[in-house]
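Here's a quick tour of a protein model, pockets and all. Have a look at the fold before reading on.

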Amino acid sequence: MPDTATLADTSPTRTRQPLLRMPDATDGARIWELVRNCRPLDENSRYANLIQADHFRETCVLAEMDGQVVGWISGHMIPNSEAFFVWQVAVSPAARGMGLGKAMLRDLLARDATADAQVLKTTITHSNQASWALFRSLAREVGGTLTHAPHFTRDDHFCGAADTEHMVSITLPAASSALARAA
């Protein structure tokens, strides 16, 4: 009988895929911990993350893997506008390189809560190359045009304490086409 300790494992390798879902109020503290561990993201208060997970759950997404929160996007529809604003994207170091940021954005854009969005908006500092890459990639994928301009400036809005945030806008032609067909 062969020694089983020396037999090679020939089973197929499994790729773990994070589960994407709407958050709920019980996720608030775990979201705060994730953001806190994703430097250089700005921490919100635990209460702010609780409110996002509770009141804005339809426009936020949580990613879990092996029972751990590994991704989070908070967002909301801008009042009186056909624009979806992405407030914050956080991906745990344990889940980077998997395309999780874009998968979460796709999930949000496919929801009924964002169906009227004709543009996606977010703010990004000049130095945040990971965010620029993510949103440029999304714009290419959806066939949208990406534009940007300084919006919240270092001196006028942050009293010199934070870098200027550029307002990034991506047209969502697929959403516009769907709305035109429905009309």
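## Around α3

Which elements cover the buried residues of α3? Bear in mind that this is a predicted model. The cover includes the strands β1 (19–21), β2 (61–65), β3 (68–77), β4 and β5, along with the helix α4. The residues of α3 that are tucked away under it are L100, G101, K102, M104, L105 and L108.

## The overall fold

Stepping back, the protein has five helices and seven strands. From the N terminus onward, they run β-α-α-β-β-β-α-β-α-β-β-α.

Of the protein's 183 residues, 38% count as buried. Take the contacts between residues at least 6 apart in sequence: 62% of them join residues at least 24 apart. The accessible surface comes to about 10,700 Å², and carbon and sulfur atoms account for 53% of that.

## The largest pocket

Now for the holes. The largest pocket has a volume of about 610 Å³. It's lined by 22 residues, and the ones closest to its centre are L41, D42, W87, T123 and E165.

Which elements do the lining? β4 (83–91), β5 (119–125) and α4 (129–142) each put in at least two residues, with β4 giving the largest share, five residues. Sorted by class, the lining of the largest pocket comes out as 11 nonpolar, eight polar and three charged residues.

## The second largest pocket

The runner-up has a volume of about 480 Å³. There are 21 residues in its lining, and V89, V91, R96, A130 and S131 sit nearest the centre.

Here β4, α3 (100–109) and α4 each supply at least two lining residues. α4 gives the most to the second largest pocket, with five residues. By class, this lining splits into 12 nonpolar, six polar and three charged residues.

So β4 and α4 turn up in the lining of both pockets, each with at least two residues.

## Cysteines

How many disulfides does the structure hold? Zero. Two cysteines are still worth a look for where they sit.

Is C60 buried or exposed? C60 is buried, because its relative accessibility is 0% and the cut-off for buried is under 20%. C159 is a different story: at 74% relative accessibility it counts as exposed, since that label needs over 50%.

Conventions:
Residues are numbered from 1 along each chain as its sequence is written. This is a predicted model: local features need pLDDT of at least 70, side-chain atom pairs count only at pLDDT 80 or more; totals for chains, interfaces and linings use all residues. Side-chain values use heavy atoms; hydrogens and water are left out. On a 1 Å grid over the protein atoms alone, a cavity is a set of points where a 1.4 Å probe fits but cannot get out, and a pocket is an open set with protein on both sides within 12 Å along at least five of seven lines; lining residues have an atom within 4 Å of a point. Grid points are joined across faces, edges and corners, and a volume is the space filled by probe spheres set on the points. Helices (H or I, at least four residues) and strands (E, at least two) are DSSP runs, numbered from the N terminus. Ala, Val, Leu, Ile, Met, Phe, Trp, Tyr, Cys and Pro count as nonpolar, Asp, Glu, Lys and Arg as charged, and the others, Gly among them, as polar. Buried means under 20% relative accessible area, exposed over 50%, partly exposed in between (1.4 Å probe, protein chains only). Contact means heavy atoms within 4.5 Å. A disulfide is a pair of cysteine sulfur atoms within 2.5 Å. Accessible areas come from the Shrake-Rupley method with a 1.4 Å probe; for residues, only the protein chains shown count as cover.
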